[in-house]
Amino acid sequence: MYKAIILLLLCIGTSVANAQTETNTPTTQPYGKIDLADLELKACDFEKNANAEVLFNKSKVYFNANYDIVTDIHKRVKIFNDNGKDYANVRIEYYGGDRSEYISSIQAETINLTNGAPEIIKVDKKQIFTENIDRSRTATVFSFPNVKPGSVIEYKYSIVSSNLGNFPDWYFQTSIPTRYSELTTSTPDILYYKNLESVRQPYAVNSRNRDGSVTRALANVASIPDEPFMSSLEDNCQRILFQLMSIRPIGQRVMSFSDSWTKVGETLMDSPEFGGQLNHKIAGEDVIIAKAKGMANDNERIAYIFNEVKNNMKWSEYYSKYSDDGISKAWDKKAGNSGEINMIVYHLLKKAGVTVYPMITSTRKNGRVNPGYPNYYQFNSTVAYVPVDSTTFYVLDASNKYNIYNQIPANLLNSFGFYMNKDKKDYSTLFLQNIKPIRQVVLVSGDIKADGKMTGTASISNFGYNRVSAVTRYKKDGEKKFIDYIQDDDNNLKISSLKFEGMDTDTLPLTHTVAFDLELTGSDGNYIYFNPNMLSAIKNNPFLSENRFTDIDFGYRSNYTINCTFRVPAGYKVDVLPKSVSMTMSDKTIIFRRTAAEQDGTIVVRLYVDQKKSIYFKEDYPEIHEFYKKMYEMLNEQIVLKKS
């Protein structure tokens, strides 16, 4: 669409300044030419323990004579050890299904040092495969041959796009260190793209070239490690995003594009694969709709339709905003992608008289949505959005068998959804968060024996997302693996029985009760040692690293309560009992309390952790690291009994 408009409005003589002049820099080399020093390189200079390193990643983006966007990529990676060999498997995704983009000129080769000289092994073009992801997206995949520690792999290709609104974003940073990353862009004067830069170190190159192109580069870019409770890799990378704002033909009226969410919504609602699917009839819908209409209220209707679709449809394990073959066919096959499944939820709710709107969302792995950057490329799934009242709304995703209708799916939290009310022309973003704490309550009752053993029972009640996680784990993995999870690799703990309550009722907490036997290691004839923090979800500190490179995204607030009662064996008395303590973060967003007392041979311990915020910036990490260190030291303090 953009291309057609621009070609109609372009004035004769308008030219494009293509960025085709090679940037002279010692940090890149022509394809196939390599220094022996790189082949002999044993480790990354600035990140010694890296499994692999991007030697350089170079992109040139320009426009051809047809006003297609051309992106030339040349990337070279050094493999240091066997763990780095996974980077020799390449997957390039693009919008090839709708033919708005195509890939060309792929070259790929492995370079090894053999007898003191480079040995080049080219990737056979027959081993380069095309995979159709959905109606819109395609992937080109290939693997490099003869890869071993010390190998260098390199590849280059071009992607041509006819969509002016899909100017490629650039990520300087990846999961491995990057010695040099360079982007050169050249755009016609008549096109204006907004740049959204997230760069935290000085540019190695930041210049306007003679041909009008702009080159920006970073050197010695550290990797983004996989850290506990981080959001997507892309959210945390140093990057530049681009958005088409306007077309300014010479002598013509300025045309504005994709500069509002309203335009994004109108485009989607007019799309045959999105808005065109929402009112399609599905087989047997009259029976479902009639039953829903006969229910007492909207909440019952929503729960019924959500569970009907969830239990009848099999998810393809693929997130999509669109329908590939139409929701009617997906319903007939009882299988579909997330977009198709949730479009069916929307359709049935609408027919049953429930106020509902389509909403596109971004999963945690896909990355957070920037509401100041209006476009639909940021999103990767469709859900059904139901505004209940001025303060309550439901976000329905029936693709996951274990989701609950009245709880925003955990993988959508702390980002924005975009809902579309075509009738009222209301197209708006909405922040998806859970403000209520998600609880886990653990009740432990244990009898300590003089021989250094404990027998007892424990009841663990999981609410909200904790319930969803427990149900998912049990139904997917089975009882044996669920018990292994409870035992947490503790060979001294044996679970002899397991019983559930609330497994099949979404509105109830899931409670599992276990009988256990525990060997109290370290005990001898005179002393018995044990940790009262048993069978809970807060046994291990997730923040052991001294440094943090990414923000902490817990997803939701949490609240843990652990109540324990232990009976001291005859002939023993309490020698060491942890003190009652209370500890609070400086901003009062995390609270830890412990009370411990003993009377008449019975020890009572209560542990309480309340986390009142779901997102913390990496700048807050030093205090969080210290707080968690002290908290887990206290959570794992032992009680000591001494023989009388």
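A salt bridge is taken here as a side-chain nitrogen of Lys or Arg within 4 Å of a carboxyl oxygen of Asp or Glu. K333 and D325 meet this criterion, because their closest N and O atoms lie 3.7 Å apart. The model examined is a predicted one.

The two partners of this pair can be placed by their exposure. K333 is exposed, with a relative accessible area of 54%. D325 is partly exposed, at 42%. The cut-off for exposed is over 50%, so K333 at 54% passes it.

The protein chain has 644 residues, of which 51% are buried. Its secondary structure comprises 11 helices and 35 strands. The C-alpha trace spans about 100 × 75 × 50 Å along its principal axes. The accessible surface of the chain amounts to about 29,900 Å². Carbon and sulfur atoms contribute 48% of that surface.

Contacts were then sorted by separation along the sequence. Among contacts in the protein chain with a separation of 6 or more, 72% join residues 24 or more positions apart.

Charges were considered next. The chain carries 77 positive and 75 negative charges. The mean positions of these two sets are 2 Å apart. Side chains of opposite charge can pair when their charged atoms come close. Across the whole structure, 27 salt bridges are found.

One of them joins D506 and K310, with an N to O distance of 3.9 Å. The two residues are 196 residues apart and link distant parts of the chain. D506 sits in the loop between β25 (493-501) and β26 (510-519). K310 belongs to helix α6, residues 298-312. The partners also have their own exposure classes. K310 is buried, with a relative accessible area of 4%. D506 is partly exposed, at 25%. Buried means under 20%, so D506 at 25% falls outside that class.

Another salt bridge connects D610 and K612. Here the N to O distance is 2.9 Å. D610 is buried, with a relative accessible area of 4%. K612 counts as partly exposed, at 37% relative accessibility. Elsewhere, salt bridges that share partners tie R91, E93, E131 and R137 into one network.

In brief, the predicted chain combines 11 helices with 35 strands. Its 27 salt bridges include the pair of K333 and D325, the pair of D506 and K310, and the pair of D610 and K612.

Methods: Residues numbered from 1 in each chain as written. Predicted model: local features only at pLDDT ≥ 70, side-chain atom pairs only at ≥ 80, totals over all residues. Heavy atoms only, no water. Helix = DSSP H or I, 4+ residues; strand = E, 2+ residues; numbered from the N terminus. Buried < 20%, exposed > 50% of the residue type's maximum accessible area, 1.4 Å probe, protein only. Contact = heavy atoms within 4.5 Å. Areas by Shrake-Rupley, 256 points an atom, 1.4 Å probe, with all protein chains shown as cover. Lys, Arg positive; Asp, Glu negative; His and termini not counted. Charge placed at Lys NZ, Arg CZ, Asp CG, Glu CD.
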